[in-house]
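Q: Could you take a close look at one sheet in this model with me? I would like to know how its strands are ordered and what packs against them.

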Amino acid sequence: MNILTCFKIVSDLDLMSESDWVVEDHFRINTSFVKNMINPYDESALEITLLYKEQAEKLGSAVNLSALTIGSKQLDAYLKTLYALRFDKAVRIENQHDLRFSPDAISTVIANYVKVIKKPEVIILGRQSGVGDNAKTPLLVAEHLGWPCISQAVKIEPASEGLLKVSSMADDGLVIETIRPPCVLSIGNAPNSYLRIPTLKDKVNYGKKEIEVLEIENYLNQAVLEQPSEGHNITGLKPINHKRQGVVIEGSTPAEKAQNLYHNYLQERLKQL
Amino acid sequence: MSTTSKTQIVETLISILGKERVITDEEVLKESSVDRFRRFEEIHGYFTQPLPVAVVYLRNKNEVAAVLKFANEHNINLVARTGDSATEGGLETAVENSIVADGSEMNKIIKIDPYNMQATCECGTSLQDLEDELREQGYTTGHSPQSKPLAQMGGLVATRSIGQFSTLYGGIEDMVVGLEAVFPTGEITKIKDVPRRAAGPDIRHVIIGNEGALCYITEVTVKIFKYRPENNYLLGYTLNNMKTGFEILREVMAEGYKPSIARLYDVEDGASHFSHFAEDKCVLILMAEGPKPLADATGKAMEKIVAKYVECEKVDPRLIQVWFDNLNWDVSKVAEERTEIMETKNISNTTEISATWDRIYDIYKTCVERIRNEMPDMTLVGGHSSHSYLNGTNMYFVYNYNVVDCNPKQEITKYHLPIKKIIVEETIKAGGSMCHHHGVGKHRTRWIQEEYGSSYYILETLKKAFDPKGIMNKGTIFPGE
Ligand SMILES: Cc1cc2nc3c(=O)[nH]c(=O)nc-3n(C[C@H](O)[C@H](O)[C@H](O)COP(=O)(O)OP(=O)(O)OC[C@H]3O[C@@H](n4cnc5c(N)ncnc54)[C@H](O)[C@@H]3O)c2cc1C
């Protein structure tokens, strides 16, 4: 089976202090001062992909993994890491345009890439990324390709005859479906899905393969590239008030404090469970 | 060791402290039997050390004295604890029926004395609290370890800790003015706060760095300094070679400049902090602070020194500032790390050493090469120098590995200790010190005699004199049986 996992590199916004949030020229916030990271949902998607490969190979079926990202040369370090983790192919679609708020453009690029290489039967993406993102990209990729999409997926396992067993979160619990590819899987809040870390030896042995670099212009028409922001501009910034109210539980002994906590705060709530 | 039964120990402790201050809950005892050194096995639910008999919360020096006296009279091992951020096994309860004596509730800031530029506080005062209080009044301790939100004054003094601005303010030993400590006999001793004296040896140093193996620190007086962050002169550079970096640090120090920050990261360690602007590069960070004319002059002079080294490229100081603002570890970061370790089975550990300028690069290079070649499953081997002196600097080795094909209990023997062994043995062989600022703890004691050479006589005599029964934190600094 051929799987394509798409990921996005984002700024680690938790590292920005309130004073760093300044709207600069071109209505942009400068986040270049903070470290980058793989968007957490995409990190889960990559780990889930690797877990799937391990399981499928144990059952004797071959799995070929490709990873795709869109952006500048700076991202190659991440692709090299994926090679070291035994992805078979790492692809970067070179882009210098501002496509941050353009899920339609991004999904078109991915879908067109897939149409050209005609290969993957399964596309795995994180459901959403940081600020301003809207959980649209995986759904739009599926729509462009006319493939089904399972959203909020948290686990993928091999099933018989090339089928996939996909667990996904729904309002009232976990849904387990067995599906036949092609399909798009949008990875939700998956437990145990930090991306594994390659050893130095694997970096030396596998991490140096050549990254395939493609031009975005071949996958998206110029007009969209030049006018991609779908009319969204930052007009202002307001800090979110994260303050919470707190109460100090009074009592002269820990036992008395526990009693007060139980009677005044917990008893009623426990009844409602 | 002790012939006193668990029940007798608990009953006596209750009679001294009251029931609420003597904790025997098994979960608490388990957590109190280890520190960060054993976090891999602990996170996986294994507790391999003898559990303490109780954790006691002490409120004042008299309670400390009473508990110590009782432990001493009955040969019961006692482990002092404050912030619980130890990294080298100093908090492990190495023998059966130990008492963990927690001073974290002795957390009063007793006096801030801006006229005499000093502050006095109890041992359980968190450095963050003291620092926040001081900064509000325009002062600082100048002490800024990465564990500032976790560590407390007693532990900070007991481990000879050091902070990120040490090249200007010094390590904790340069900051401590006076101390109060209780010895195993219950003797309460106070060293007065004076600017200097020549009345015999400096006995502060019996207490500073004792790691709970000689006495229990109850009160600390430290110097304070004017806090003027607006004058900070921050410089950041990328460069290709650690050797060049050490040369620059040496030149800055030898020329007589006093930066507050002087840090040099190698490519591997730097990659986990600076990949967004320094791919495949070393990173050098310098900062001058203090009164504006002095900070500016120092900053400019350091810039001039670095400018002579063509491989250095200046970076926007904001890149360094944002990184620096996120450097410290609070409880949420500790919790996050635990989840990550559990899920990835990847763990990061460190060993910090020091050596003179002529030796540091060779130690660095040999250790990094040996660990890379000799150890399996490594995912990062690198380090940084973060504290410089007139005659040399430190090296903080960082090594991450995937724990595979072994029981979590074997992580220490399969990976951590063999790596430490390489670093410690190479350092001692080259004439450096095997411990720069985390203390000896319990896992570097096997080299303590080599570390000291003929001067071990002095160290050992301190133990014999102050803790002849060996009840203070058995196996720490001094090897256990
Ligand atoms: C994320 C992280 C970052 C760190 N960064 C730094 C750093 O930048 N610089 C640095 O120097 N260290 C650092 N450390 C190590 C650690 O924070 C220091 O060793 C600190 O000084 C320990 O203080 P504590 O209050 O937590 O002591 P504890 O962990 O409670 O105890 C440490 C040792 O001191 C003894 N002790 C504690 N209290 C007393 C007392 N009242 N009397 C006698 N002995 C006592 C204990 O028995 C033990 O041996 C770091 C640790 C962590 C986890």
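A: Happy to: here is a walk through the sheet of chain B, strand by strand and then helix by helix.

Keep in mind that this is a predicted model. The sheet in chain B is open and has 7 strands, which follow one another as S15-S12-S14-S13-S17-S18-S16 with antiparallel pairing. At its edges stand S15 (313-315) and S16 (346-356) of chain B; each has a single partner strand, so one side of each is left without a neighbour in the sheet. On average, and ignoring direction, neighbouring strands are turned by 20° against each other.

Now zoom in on one pair within that order. Strand S13 of chain B, residues 261-265, and strand S14 of chain B, residues 282-288, are joined in the antiparallel sense over 5 bridges. In this pair, B:Leu264 has B:Leu284 of S14(B) opposite to it.

Next come the helices. Helix H11 of chain B (residues 267-274) packs on the sheet and touches S13, S14, S17 (378-385) and S18 (392-402) of chain B. The direction of H11 makes about 90° with that of S17(B). Helix H12 of chain B, residues 292-307, lies across S12 (233-239), S14 and S15 of chain B. Its direction runs at about 15° to S12(B). Strand S14 of chain B is thus a good place to keep your eye on: H11 touches S14, and H12 lies across S14 as well. The edge strand S15 of chain B is also among the strands that H12 lies across.

How values were computed:
Residues are numbered from 1 along each chain as its sequence is written. Chains are lettered from A and ligands numbered from 1 in the order in which they are written. This is a predicted model: local features need pLDDT of at least 70, side-chain atom pairs count only at pLDDT 80 or more; totals for chains, interfaces and linings use all residues. Side-chain values use heavy atoms; hydrogens and water are left out. Two strands pair if DSSP finds at least two bridges between them. Helices (H or I, at least four residues) and strands (E, at least two) are DSSP runs, numbered from the N terminus. Axes are lines fitted to C-alpha atoms, for helices over the stretch in contact, and angles run from 0 to 180 degrees between N-to-C directions. Contact means heavy atoms within 4.5 Å.
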